Amino acid sequence: MRMRTLTLAAASGAALLAAGVLPANASGAASPASAQEGRVSAADLLAKVTSCQQISNGKYKTDDETSATVPVCGKNGAVFWKADMDIDCDGQRTSNCNENTDPWYLDNTAFHQSNGKPLKADSLPYVVVPSSSSIWNYSSAGIKGGGVVAVIYNNKVEYAVVGDTGPTKIIGEASYATAKALGIDPDPATGGADSGVTYILFKNSQVSPIESHGAAVTLGDKLAQQFIVNN
């Protein structure tokens, strides 16, 4: 998780500009796009989340310095929210995710691999859920560590797992690998997406082992089809 602020993000950007370097998502170059995962299209999923039946006791911020505007919404078999995407690089230390690449790096994740080790943010697509609070308790809503999430951005669907928890008042964060697969700049310091990301979390689902992305895609595709039928 991270306590990311707009001030810190702006400072990072200013330093890059001063050095004559632009972050990847400001260069004007298109990020590589991933193939569609599963048989359910982004359009079909988005058509089912056009309205919100709010289930959270209040709303979340997308960053420390923004106002609280994002509710958690309920649907048959799922919960969802629409927010930004900050980049989580926590977990096992790798060349992409470490103290030098990520100002907010932590060497642990809330949920662990089947061998007991933290997750690998740069190779496993996972999503961060807000830690339980008076606003919303994810576990009471049927959301588990390793649960399946359909992450939708720019007409692409990427299946991920619930892999980490974050601040109690902030929402909208996913792993380096999730961002990269969706064509979002995965740099933990300067990347991410300011808006336009939809997260659909399937209730009472659990991928085993949590680190198997293939298993997440298989289960996610099945649950997405059920979600379309039931909503």
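**View 1. What packs over helix α4 in this predicted model.** The buried residues of α4 are covered by a set of elements that includes α2 (42–46), β1 (73–75), β2 (78–88), β4, β5 and β7 (193–202). If you want to pick out those buried positions, look for A216, V217, G220, D221, L223, A224 and F227. The helix itself takes in residues 213–230, and its end C-alpha atoms sit 25 Å apart. With 18 residues at 1.5 Å each, you'd expect a span of 26 Å, so the two values agree.

**View 2. Strand β5 and its two partners.** Here's β5, residues 156–166, with 11 of its 11 residues buried, so the strand is largely enclosed by the rest of the structure. Strand β3 (residues 126–130) pairs with β5 in the parallel sense, over five bridges. To find your place in that pairing, start at Y126, which stands opposite V161. Strand β4 (residues 148–153) runs antiparallel to β5 and is joined to it by six bridges.

**View 3. The turn from β4 into β5.** Just two residues lie between the strands of this hairpin, and N154 takes a positive phi near 50°. Y153 has K156 of β5 as its bridge partner.

**View 4. T109, tucked into a loop.** T109 belongs to the loop between β2 and β3, and it's buried, with a relative accessible area of 4%. Beyond its neighbours within four places in sequence, T109 touches D90, G91, P118, L119, Y126, G163 and D164. Take L119: it's 10 residues away from T109 in sequence, with 6.3 Å between their C-alpha atoms. A polar atom of the T109 side chain lies 3.1 Å from the backbone nitrogen of L119.

Technical notes
Residues are numbered from 1 along each chain as its sequence is written. This is a predicted model: local features need pLDDT of at least 70, side-chain atom pairs count only at pLDDT 80 or more; totals for chains, interfaces and linings use all residues. Side-chain values use heavy atoms; hydrogens and water are left out. Buried means under 20% relative accessible area, exposed over 50%, partly exposed in between (1.4 Å probe, protein chains only). Helices (H or I, at least four residues) and strands (E, at least two) are DSSP runs, numbered from the N terminus. Two strands pair if DSSP finds at least two bridges between them. The expected span of a helix is 1.5 Å times one less than its number of residues. Contact means heavy atoms within 4.5 Å. A polar contact is a pair of N or O atoms within 3.5 Å; within protein, one must be able to donate a hydrogen and the other to accept it, and residues adjacent in sequence count only if both atoms are side-chain atoms.
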